[in-house]
Amino acid sequence: MPDITLDVREIPKPQRHPKIFAIFDDLDVGEALILVNDHDPRHLHDEFEADRAGGYSWEYLVREKRDYRIRIGKATATTPPRKLGNTAELTNAAVDAADVAWKLQSADRHLDSNLIRLAGDGEIAEHAGGEVDVLVHVVAGSGTLGTEADDIPVAAGDLLWLPRRSQRAFRAGPDGLSYLTVHTHREPTLTIDPIVPRAARP
């Protein structure tokens, strides 16, 4: 099949990227989209790299003022698996209170995942979970998972299951606590109280 040419110069900007991705996703392996644009679409390239890394090719055909032409080829039927990071490297950095050291960023994802780090004696206050079950893998440190029934000691290597809507709290031990959460993708609706190390409380 011949390459499909799409000139987005007259398409409103909010509609450009969705249209490009819709056409690209309908291509067969080996087919390509010739994108015509009035500027170098570097942000579009960043989105392809974030959501479809390894599954596409990107070749500049023309680089002129107000006339950029890029051949975007379909290299694989689906986005191939890839390495996203290393939890050992992410958890080795210092943390003052708490942070999200990593999160799954792909806009086209069906999962949510976050690497949470708590400083020594820090905590996430008790709260009710959302409408999804959550799998937790403790990757470093130790601490306690507080539940409605009891407190559960946790340490690196432990796998935890948080049923939907269950009450939970995380408290880090003196060396901190880092854990990876995985659950089905949903829009954020949960507000968690500020996380404060116990030693810093009045």
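These legends describe three close-up views of a predicted model. Local features are given only at pLDDT of at least 70 and side-chain atom pairs only at pLDDT 80 or more, while totals for chains, interfaces and linings use all residues. Residues are numbered from 1 along each chain as its sequence is written, and side-chain values use heavy atoms, leaving out hydrogens and water.

**View 1. The buried and exposed sides of helix 1 (residues 13-26).** Arg 16, Ile 20, Phe 21, Ile 23 and Phe 24 are buried, where buried means under 20% relative accessible area and exposed over 50%, with a 1.4 Å probe and protein chains only. Seen down the helix axis, these buried residues fall within an arc of 165 degrees, so they line one face of helix 1; the arc is taken from the directions from the axis to the C-beta atoms. On the face turned away from the buried side, helix 1 carries the exposed residues Pro 14 and Asp 26.

**View 2. Helix 1 against helix 2 (42-52).** The axes of the two helices, which are lines fitted to C-alpha atoms over the stretch in contact, come within 12 Å and cross at roughly 45 degrees. His 17, Ile 20, Phe 21, Phe 24 and Asp 25 in helix 1 meet His 43, Leu 44, Glu 47, Phe 48 and Arg 52 in helix 2, contact meaning heavy atoms within 4.5 Å.

**View 3. The surroundings of Ser 178 in strand 11 (residues 167-184).** Ser 178 counts as buried because its relative accessibility is 7%. Leaving aside residues up to four places away in sequence, Ser 178 touches Thr 91, Ile 116, Arg 117, His 137, Val 138, Val 139 and Ala 140.

Technical notes: Helix = DSSP H or I, 4+ residues; strand = E, 2+ residues; numbered from the N terminus. Axes fitted to C-alpha atoms, helices over the stretch in contact; angles between N-to-C directions.
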